[in-house]
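Student: Could you walk me through this model before I go back to the bench? I'd like to talk about charged pairs and about how the chains meet.

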Amino acid sequence: MRANVIVFEVVTFVLFLVFYQGGRRALGRSRNRAFLGGAVAYSLVIETFAVAFGVKNFYWYSINGYYKTYPLGGYIVWLGVVPLAAALLFYMVSMTSYLAASTLLPRKSTWARSSVAGAVAVAMYALIEPVAVTNHWWTWNLKSFFVIDVPLLALIAVFGAVFLYGAVFDLTLVQYSDPGLLKKLEDPTIRRWPIKSKKLTKNLVFRQQLEVFGFRLAVSLLAFAVFIAPFMALLWAVANRGQIEPGW
Amino acid sequence: MANKRIELEQYKHYVDLLAEEPNRKTWRKGVQIVMIAAMLLALAMFVLGLMSGNIASNPRNVLEKPPAGTPAAPENQIDQQNIPIQQDIPIQQDIPIQDSGQQLPEGLTIPNQSRATDAPGLPRGTGDGSLLAQATSTVPAEPTPAPPTGTDVGTQPASSAPGDADTASKKAGPGEVTTGVGNLSNLTNGAGGRGFQVYLLVLFVGLCVFLYFPIRKVRLEGKSK
């Protein structure tokens, strides 16, 4: 038996059901749905950009003669160019990290908890990534500094993504807080339309809170791009592996 | 009137929270389920990693292509069309051919066997037809592939790592194969061939220990109430 992509996908789907049940109890039904939707959308945007810019791909099982055995490129369910399993993996890792940090550090600030969550996520991906690249669940194509065939940039990106996602979720749907900078950004934009209300987040109904959550996720994606860009440049400069030419 | 409205809105918010906020006992149960599921995820990755040890030991595995025309079927399912030698067997006897070099029955010879062995690096099943033509046209320009270290038929290299032909033009930058700390096979082949297993084990145990702390905390909280 080989740890091929179908094994990974089945394991992910089965464990996702357990995570969903746990998350529903820990966060509440609606907030867990929001966490799931946000995590899938968040990872989908990042991974789609990664695939579009040739940093990463999920197509190893769909090239050469492999399509005979893996007709859909290995993965069964795709969301555009990214398999659903990869997005669900991010949900599971970020849920674990967020709940672990919230449970262990309940009195600390959102930023401290998110930092711990990011570190836990890095540890989890440090376990997952070598197995993934060995079995070609995904392939890294970027020019960067690699450690055991995993680009250091990927682990830094995991930290940034989980940190920002956890912080946005905690600030918006758990603490219902309105940091000054975000308030300045939201008042002339999303608060004008579609929310049409300048109330504090805690005084909005849940649907409006979800809209604020979506807006803040979009802002955090920009913050993620700003965060990752210097690391990308730095690791490009000290790269120990070049980019694989496209078309293989 | 305004105060009444504020009061009603606050009440509405309270009702929302009441519907959405799980009670503490349910929350504790949820945290435990998620942490145990995370341990199971770590265990699954650990086991899948152990299963991948022989693949990881190949230094060029990460950049290898899948074998051309040879789907990664289980070892006992070999595509009959890709076994040209079967047509030349004088007696109509099925010969089970496996990748582990199984011996033929005594006295039975395969006339075109030498063709397959003459071309080093060719994948099994490319003795005749277009696959041979494709393969022989590329073999002289390419170095001999790395010796296979794994037993998995699906990872036998069909050709060398991508971009070998134009490596000369890329000597200025980093190559397409990692070396030293960057290469997984160095870790895998280190520590008496158990480096990758040790790495996975350390991370797995570390994660399980860390994930146990939230479980312990919510259990203690539950007991104290």
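Tutor: Let me fix one term before anything else: a residue is called buried when its relative accessible area is under 20%, exposed when that value is over 50%, and partly exposed in between. Please also keep in mind that this is a predicted model.

Student: OK, so is A:Asp170 buried or exposed?

Tutor: A:Asp170 has a relative accessibility of 2%, and it therefore counts as buried.

Student: And which side chain does A:Asp170 meet in a salt bridge?

Tutor: Its partner is A:Arg113, with a distance of 2.7 Å from N to O. A:Asp170 belongs to helix α5 (residues 152-174) of chain A and A:Arg113 to helix α4 (residues 110-134) of chain A, so this pair ties together parts that are 57 residues apart in sequence. A:Arg113 is buried as well, because its relative accessibility is 7%.

Student: How many salt bridges are there over all chains?

Tutor: The count over all chains is 10 salt bridges. One of them joins B:Glu221 and B:Arg28, whose closest N and O atoms are 3.4 Å apart. Since B:Glu221 sits in helix α7 (residues 195-224) of chain B and B:Arg28 in helix α2 of chain B, the pair ties together parts that are 193 residues apart in sequence. Both B:Glu221 and B:Arg28 are buried.

Student: Which residues do shared salt-bridge partners join into one network?

Tutor: That network consists of A:Asp178, A:Glu186, A:Arg191 and A:Arg216. Within it, the side chains of A:Glu186 and A:Arg191 meet at 3.3 Å, N to O; A:Glu186 is buried at 0% relative accessible area, and A:Arg191 is buried at 1%.

Student: Switching topic: how many salt bridges are there between chain A and chain B?

Tutor: The count there is zero, although four residue pairs are in polar contact between the chains, with both residues at pLDDT 80 or more. The two chains bury about 5800 Å² between them, 71% of it on carbon and sulfur atoms, and the contact takes 70 residues from each of chain A and chain B.

Student: Which three residues supply more of chain A's buried area than any other three?

Tutor: Those are A:Arg25, A:Leu127 and A:Ile148, which supply 12% of the area that chain A buries against chain B.

Student: Last one: which residues make the nonpolar surface patch?

Tutor: B:Ile36, B:Leu40, B:Leu43 and B:Val47 make a patch of about 300 Å². B:Val47 lies in helix α2 (residues 24-51) of chain B and, at 39% relative accessibility, counts as partly exposed.

Methods. Residues are numbered from 1 along each chain as its sequence is written. Chains are lettered from A and ligands numbered from 1 in the order in which they are written. Side-chain values use heavy atoms; hydrogens and water are left out. Patches are made of residues with over 30% relative accessible area and no salt bridge: like charges are joined within 9 Å, nonpolar side chains (Val, Leu, Ile, Met, Phe, Trp, Tyr) within 5 Å. Accessible areas come from the Shrake-Rupley method with a 1.4 Å probe; for residues, only the protein chains shown count as cover. A salt bridge is a side-chain nitrogen of Lys or Arg within 4 Å of a carboxyl oxygen of Asp or Glu. Helices (H or I, at least four residues) and strands (E, at least two) are DSSP runs, numbered from the N terminus. Buried means under 20% relative accessible area, exposed over 50%, partly exposed in between (1.4 Å probe, protein chains only). Contact means heavy atoms within 4.5 Å. Buried area is the accessible area (1.4 Å probe) that two parts lose on being put together, summed over both. A polar contact is a pair of N or O atoms within 3.5 Å; within protein, one must be able to donate a hydrogen and the other to accept it, and residues adjacent in sequence count only if both atoms are side-chain atoms.
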